[in-house]
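User: I would like to learn how to read the features of a model like this one. Please start with how strands are matched to each other.

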Amino acid sequence: MGYIRVYLGSELKKQFELGEDRVTIGRTEDNVLVLAEEGISRQHAAIEYQNGEYFIVDLGSQNGVFLNNEKVDKAALKYWDEIQIHNFVIKFMAKPGLGVTNEQEDKAASDLDEDKTKFFNITDEKQLDDLRKKTKECFLTYHDQSDTARKSLIKKPRVIIGKSKDADIKITGWFAPAIAATIEQQSGTYELMPGKRGNVFYQNQQISDPTVLTDGSEFIVRGMKFKFFNRLIKTS
């Protein structure tokens, strides 16, 4: 038997033991290994066990499957081979390495579940290498109430904006509510949740219901302007 370890940038996302069952890889939840990224097809690839060997198979993906930097349709796997699917790297191993936490596993299946796959024209090894160095970063930019530009990384499932002592982003003022708004991760998306007296505006309209945020979304909470980012960045 073999093991696979899945990396996004330098971060280990998950690992598990391979058996004789077919392991499908793709963007949607019906796959055994979910890699929810816009450059990955809904049904992208599979690892198959045949006559005592494991094979990586491209299932007609938009952006291809690479084995040790060579594009392949189907190829036998050897221990320490590296499979690259968009910006994820899957290492085929003889034995397990370090474990991963449940939080890391949950993050591996986050974000984007779109009907169409974004096409990336990969023509050389440098582009392939650049992709594997990318990971996803989620953050807010805003100006605080002293007009200082700020950036706040979103690293937990709930971010509080308000006057509360537990708020991640503080809003002051006599009538500021303890929780003016929150940003909450919901099944792979991020939602802006207005609080009572939050005076939350999205696309120039005041909202009272949860609203899904996408990369580049702008909103206002009690006069403070925010911009939401959820995008791939290149690691060192």
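Analyst: Two strands pair if DSSP finds at least two bridges between them. Strands themselves are DSSP runs (E, at least two residues), numbered from the N terminus. Here S17 pairs with strand S20 (residues 211-213) in the antiparallel sense, over three bridges. The model is predicted, so local features need pLDDT of at least 70 and side-chain atom pairs count only at pLDDT 80 or more, while totals for chains, interfaces and linings use all residues. Residues are numbered from 1 along each chain as its sequence is written, and side-chain values use heavy atoms, with hydrogens and water left out.

User: Which residue stands opposite leucine 213 in S20?

Analyst: Tyrosine 190 does. Tyrosine 190 of S17 is also the bridge partner of glutamine 185. Strand S16 (residues 181-186) and strand S17 (residues 189-194) run antiparallel and are joined by six bridges.

User: How do I read a whole sheet, and which strands are the edge strands?

Analyst: Follow the strand order. One open sheet has six strands, S2-S1-S11-S10-S7-S8, with antiparallel pairing. Its edge strands are S2 (11-17) and S8 (70-72), each pairing on one side only. Neighbouring strands of this sheet are turned by 30° against each other on average, direction ignored; the axes behind such angles are lines fitted to C-alpha atoms. At one edge, S7 (residues 65-67) and S8 are antiparallel over three bridges, and phenylalanine 66 has lysine 71 in S8 as its bridge partner.

User: What is the strand order of the open sheet with mixed pairing?

Analyst: That sheet has five strands, in the order S4-S3-S5-S6-S9. S4 (33-34) and S9 (74-76) each have a single partner strand, so one side of each is left without a neighbour in the sheet. Within the sheet, S5 (residues 45-50) and S6 (residues 53-58) pair antiparallel over six bridges, with tyrosine 49 opposite tyrosine 54 in S6 as bridge partner.

User: How should I read the side chains along a strand?

Analyst: In a regular strand the side chains alternate between the two faces of the sheet. Along S21, Phe219 and Val221 point to one face and are buried (under 20% relative accessible area, 1.4 Å probe, protein chains only). Glu218 and Ile220 point to the other face and are not buried. S21 is joined antiparallel to strand S18 (residues 200-202) by three bridges, where tyrosine 202 stands opposite phenylalanine 219.

User: How are aromatic pairs described, and how many does a search of the whole structure find?

Analyst: A pair of aromatic rings is described by the distance of the centres and the angle of the planes. Rings of Phe, Tyr and Trp (its six-membered ring) pair if their centres lie within 6.5 Å; planes under 30 degrees apart count as stacked, over 60 as edge-to-face and the rest as tilted. The search finds seven pairs. One of them is phenylalanine 139 with phenylalanine 229, stacked at 4.8 Å centre to centre and 15° between the planes. Phenylalanine 139 lies in strand S12 (residues 134-143) and phenylalanine 229 in strand S22, 90 residues apart. The rings of phenylalanine 219 and phenylalanine 226 have centres 5.1 Å apart and planes at 5°, so that pair is stacked. Phenylalanine 219 and phenylalanine 226 are both buried.

User: Which residues form one aromatic cluster?

Analyst: Tyr49, Tyr54, Tyr79 and Phe92 do.

Definitions and conventions:
Helices (H or I, at least four residues) and strands (E, at least two) are DSSP runs, numbered from the N terminus. Axes are lines fitted to C-alpha atoms, for helices over the stretch in contact, and angles run from 0 to 180 degrees between N-to-C directions. Buried means under 20% relative accessible area, exposed over 50%, partly exposed in between (1.4 Å probe, protein chains only).
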